[in-house]
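Here's a quick briefing to read alongside the model. Have the viewer open and follow along by topic.

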Amino acid sequence: MIKSYYIVIMMTMGKSIIFANQKGGVGKTTTAVNLGSYIAEMGKNVLLVDFDPQGNMSLAVGGDRKRPGVYEWILKKASSTEVIQRTAEPGLDLISANVNLSGINVELAEQPQREFFLRNALQEIKNNYHYIFIDSPPSLDLVTVNGLTAADLVMIPLQTEFFAIEGTSQLVRTIMMVKQNLNPGLELGGIILTMKDNRTHLSKNVVDEALAYFKDKVFRTAIPRNVALAEAPSFGKTIKAYQPMSPGARAYELLAKEVVERVK
Ligand SMILES: Nc1ncnc2c1ncn2[C@@H]1O[C@H](COP(=O)(O)OP(=O)(O)OP(=O)(O)O)[C@@H](O)[C@H]1O
Ligand SMILES: [Mg+2]
């Protein structure tokens, strides 16, 4: 009699998602942090990687910016266990950014395979998480290129204002360049409309323009302009911890459901 044994290996296939837009202040960090928080609440393991020398993501979840962070990690000066921090929210971890990261563009410039540092570091821990959210700086420098090379998907937060779309053509070109030369698996995950002001016609025009250009890549849930979202980081809290009933909180909760639905 032949007996067959089936070994089922339960392994999470982690998705790495970068939030990118070279335009500053469009809601990259706010979106990565609050989406991550609501997705963790849905029972998923989420890792936030603060890949911006400004360190806003680390501050927004009350992270420790003095200990070794993403800089030490990608240069193998610190191990994954040394850099991963638990946040106050179950299922939501952080790798922080400290000031050392500011010099990374110059440091990596001369290195072979300089675009692959974040990707290589991520390999080891990728399948411990359902989602890895990478925050990026407002530029298309080597830091952002490392982020794009490490990512499966790019989410583009778009501030709902005039000229929002014009700025994206350079970003889309960079994404295509990375896809062709460095990371064939890279895809556009979606466009997230942020800071929408429902009282103005202007916002509506920009939404229409985004839909015409990016079509079904635009997430249905737009994030409204809401002061609670701007206040929360100063307390080192996500919007869920700070004001869960606010319009901003509600919107990110809805968006989290949409993202989990779309990105399996
Ligand atoms: N929906 C919103 N309503 C009100 N304020 C918001 C909203 N989203 C973000 N903000 C605030 O706007 C500012 C810019 O947002 P955020 O830091 O998320 O943008 P960013 O794209 O990450 O910026 P940078 O390019 O500098 O990294 C922050 O002060 C943030 O708290
Ligand atoms: Mg930011």
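In α7 of this predicted model, the buried residues are Val143, Thr144, Val145, Asn146, Gly147, Leu148, Thr149 and Ala150. That's eight of the nine residues in the helix, which spans 142–150, so call α7 mostly covered. The rest of the briefing starts with what α7 packs against, then goes on to the sheet, a helix contact and the ligand.

**What α7 packs against**

- The buried residues of α7 pack against three strands of the sheet, β1 (15–19), β5 and β6 (153–159).
- They also pack against helices α5 (104–109), α6 (117–123) and α8 (168–181).

**The sheet as a whole**

- Seven strands make up an open sheet with mixed pairing, and the order to trace is β3-β4-β2-β5-β1-β6-β7.
- At the edges you'll find β3 (84–86) and β7 (187–194); each has a single partner strand, so one side of each has no neighbour in the sheet.
- Going from one strand to the next, the twist averages 25 degrees.

**β5 and its two neighbours**

- β5 covers residues 131–135, and five of its five residues are buried, which puts the strand in the mostly covered group.
- Side chains in a regular strand alternate between the two faces of the sheet.
- In β5, Tyr131, Phe133 and Asp135 point one way, while Ile132 and Ile134 point the other way, and all of them are buried.
- On one flank, β2 (residues 46–50) runs parallel to β5 and is joined to it by five bridges.
- Two of the partners to look up there: Leu48 is matched with Phe133 of β5, and Val49 is matched with Ile134 of β5.
- β1 also pairs with β5 in the parallel sense, again over five bridges.
- In that pairing, Ser16 sits opposite Ile132 of β5.

**The β7 edge**

- β7 has six of its eight residues buried, so the rest of the structure largely encloses this strand.
- Its pairing with β6 is parallel and runs over seven bridges.
- One position to check is Leu158, which stands opposite Leu193 in β7.

**Where α1 meets α12**

- The axes of α1 and α12 (residues 247–262) come within 8 Å and cross at roughly 70 degrees.
- That crossing makes α1 roughly perpendicular to α12.
- α1 brings Asn34, Leu35, Tyr38 and Ile39 to the contact, and α12 brings Tyr252, Glu253, Leu255, Ala256, Val259 and Val260.
- By type, the contact residues split into eight nonpolar, one polar and one charged.

**Around ligand 1**

- How many residues surround ligand 1? There are 21, and the closest are Lys28, Thr29, Thr30, Pro138 and Ala230.
- Two helices, α1 (28–41) and α10 (227–231), each supply at least two residues of this shell.
- α1 therefore turns up twice in this briefing: it supplies residues to the ligand shell and its axis crosses that of α12.
- If you're setting up the site, note that the shell divides into eight nonpolar residues, 10 polar ones and three charged ones.

Methods:
Residues numbered from 1 in each chain as written. Chains lettered and ligands numbered in written order. Predicted model: local features only at pLDDT ≥ 70, side-chain atom pairs only at ≥ 80, totals over all residues. Near = placed C-beta within 6 Å. Helix = DSSP H or I, 4+ residues; strand = E, 2+ residues; numbered from the N terminus. Nonpolar A, V, L, I, M, F, W, Y, C, P; charged D, E, K, R; others polar. Axes fitted to C-alpha atoms, helices over the stretch in contact; angles between N-to-C directions. Parallel < 35°, antiparallel > 145°, perpendicular 65-115°, else oblique. Contact = placed C-beta atoms within 7 Å. Pairing = 2+ DSSP bridges. Buried ≥ 20, exposed ≤ 12 C-beta atoms within 10 Å, placed from the backbone.
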